[in-house]
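Me: Please take a close look at the salt bridges of this model. Which residues pair, and where do the partners lie?

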Amino acid sequence: MARALKLAARGLYTTTPNPRVGCVLVKDGAVVGEGWHERAGEAHAEARALEAAGGAARGATAYVTLEPCSHHGRTPPCADALVAAGVTRVVCAMQDPNPLVAGAGLAALKAAGIEVEAGLLEAEARVLNIGFVSRMTRGRPWLRMKIAASLDGRTALANGDSQWITGEAARRDGHKWRARACAILTGIGTVRKDDPQLNVRGVRTSRQPQRIVVDSRLETPVSARVVAPGTLVATAVNDAERAAALSERGAEVIMLADAQSGVDLQALIQELVRRGLNEVHVEAGSALNGSLLEAGLVDELLIYFAPLVLGDSARGMFALQALETLQGARRFRLSEVRRVGEDVRVIARAEG
């Protein structure tokens, strides 16, 4: 199963909106076939492993990181393929949270007389597909917020200068996290200040995440580097002329206004779910960071702390309303602390 998880991770950057899945076929103590799912519409991990094994699959045990599918989608059911190949035992890391499967694949295997086990290295499998599990069980993507900060939690000088707080190693690492996301989200403030590309660089991948801009007043410059085919601009105003100008560059403008004439972030998240996005990577300023946090939409913080101090006049991570008591603080659980170059990477997940 550990090998199957390593295989699944090969699809880390490419499988969206599908989960990352790996499969290993074992017979008489030897691996006879293995495979992984690479991208939606192509063969699933089980199908690739069965193809590699050929006739040796008969009587084998299949170790697969996710319950084999039992429904017809863009590819045939993997459960049926395992039965037809003569596999006698299937061990899966976790049940598929997709309501279209949700135990039906395991039931089909059992009905065919195949021995079935589930739960081996389940925690690791869930982390690998944290966004897919979130979308299927909570009806929302996993929202990961990346921040580069000083030791005193400052993200830029008072004049906005922030390049570069962290070192090259941390910046390279940040692009790996971008690459695994389905989309990269930022705010109009960051677009106007930094003119970011919001793409993946320095990482070998055949897919670029979708780019999303939260822009309440539809002020995104047509010349901004983020404006390109596939870019989604969420706004709160109905300005046909500006929307048309952005559309000519290939961007899509959607209006999602809330009661305060800002972008309805909850509605935006639901729109992203509708589009099949599993993981959303946020790189924004303190205003949007704070709004997402106050809306309860931040699942994970990915913070790179640089060994320097910028002082109280520098800009912070989150623009939040003042708290009266510590009981009102947003609480996170430390998941990982690791040194990356000269900086320290902290991963913290929201409690509850």
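Reply: The salt bridges are described below, one pair after another.

This is a predicted model, in which local features need pLDDT of at least 70 and side-chain atom pairs count only at pLDDT 80 or more, while totals for chains, interfaces and linings use all residues. Residues are numbered from 1 along each chain as its sequence is written, and side-chain values use heavy atoms, with hydrogens and water left out.

With a salt bridge defined as a side-chain nitrogen of Lys or Arg within 4 Å of a carboxyl oxygen of Asp or Glu, the count comes to 29. One of these joins Glu 279 to Arg 180, with 2.9 Å between the closest N and O atoms. The pair links distant parts of the chain, 99 residues apart: Glu 279 belongs to strand β12 (residues 279–282) and Arg 180 to helix α7 (residues 168–180). Helices (H or I, at least four residues) and strands (E, at least two) are DSSP runs, numbered from the N terminus. Both Glu 279 and Arg 180 are buried; buried means under 20% relative accessible area, exposed over 50%, and partly exposed in between (1.4 Å probe, protein chains only). These two residues also belong to a network of salt bridges that links them with Arg 20, Arg 144, Glu 300 and Arg 349.

A further salt bridge pairs Arg 275 with Glu 252, the closest N and O atoms being 2.8 Å apart. Arg 275 lies in the loop between α10 (265–274) and β12, and Glu 252 in strand β11 (residues 252–255), so this pair ties together parts that are 23 residues apart in sequence. Arg 275 is partly exposed, at a relative accessible area of 26%, and Glu 252 is partly exposed as well, at 35%.
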